[in-house]
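Let's walk through how the strands in this model line up. Have a look at it first, then read on.

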Amino acid sequence: MHAVTEPITLVQETHRQASFLIFVPVYAKGVPISTIEQRRKAFHGVVLGVFRIGDLATAALNGNQRKSLRGELNDVDSHWNQGPIYTWNGDSSATVLKSTSFASRMLLSKIPIFQSKIEFAGRTWEASFQPNSSFISNSMHIWVWAILPAGLILTGLLALLFQLIIRQR
């Protein structure tokens, strides 16, 4: 039975960064803890974990992912009135899918937003991601565009081969 706080600002925080605390009870080993009375008797203490959301998100998103995505993390259950609990803007020099590349215009005519809800220790977080133009540029290689023509040519050659085999019989 652990508990997690809603986003808070730590007293020692020098930047505007949300944090949260996790409280995990420690019980005597091998003792039943199915009822409240049993838990009270077996209770030894609490382990406290202090986590800065920005540090966790930075570690979770490696360099390439951070550069090619824009996003934000919100605590749906909280009364945090300071906006998202974490945001990242990716590569500041890249625009959000306003690239003039053919692939960007053809595949993504409007900006897709990927949203995912994360259930975490009784709280609901919502992560929203948006690719920017560097994501598309890095993801779309020339071989992707070569697959369709290569498949069509291979199909045509196989059809021609089968036709030649059938005519010889």
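Two strands count as paired if DSSP finds at least two bridges between them. Strands (E, at least two residues) and helices (H or I, at least four) are DSSP runs, numbered from the N terminus. Bear in mind that this is a predicted model: local features need pLDDT of at least 70, side-chain atom pairs count only at pLDDT 80 or more, and totals for chains, interfaces and linings use all residues. Residues are numbered from 1 along each chain as its sequence is written, and side-chain values use heavy atoms, with hydrogens and water left out.

Here are the antiparallel pairs with their bridge counts.

| Pair | Residues of the named strands | Bridges |
|---|---|---|
| β2 and β3 | β2: residues 19–27 | nine bridges |
| β4 and β7 | β4: residues 69–75 | seven bridges |
| β6 and β7 | β6: residues 114–120; β7: residues 123–131 | seven bridges |

One open sheet has three strands, ordered β1-β2-β3 and paired antiparallel. Its edges are β1 (3–4) and β3 (43–52), each pairing on one side only. Isoleucine 22 has glycine 49 in β3 as its bridge partner. Across β2 and β3 lies helix α2 (residues 53–60), at about 70° to β3; axes here are lines fitted to C-alpha atoms, for helices over the stretch in contact (heavy atoms within 4.5 Å), and angles run from 0 to 180 degrees between N-to-C directions.

The other open sheet has four strands in the order β5-β4-β7-β6, again antiparallel. β5 (86–88) and β6 sit at the edges with a single partner strand each, so one side of each lacks a neighbour in the sheet. On average, neighbouring strands of this sheet are turned by 15° against each other, direction ignored.

Serine 128 in β7 stands opposite glutamine 115 and also opposite glutamate 72. The β6–β7 hairpin has two residues between its strands, and alanine 121 there takes a positive phi near 50°.
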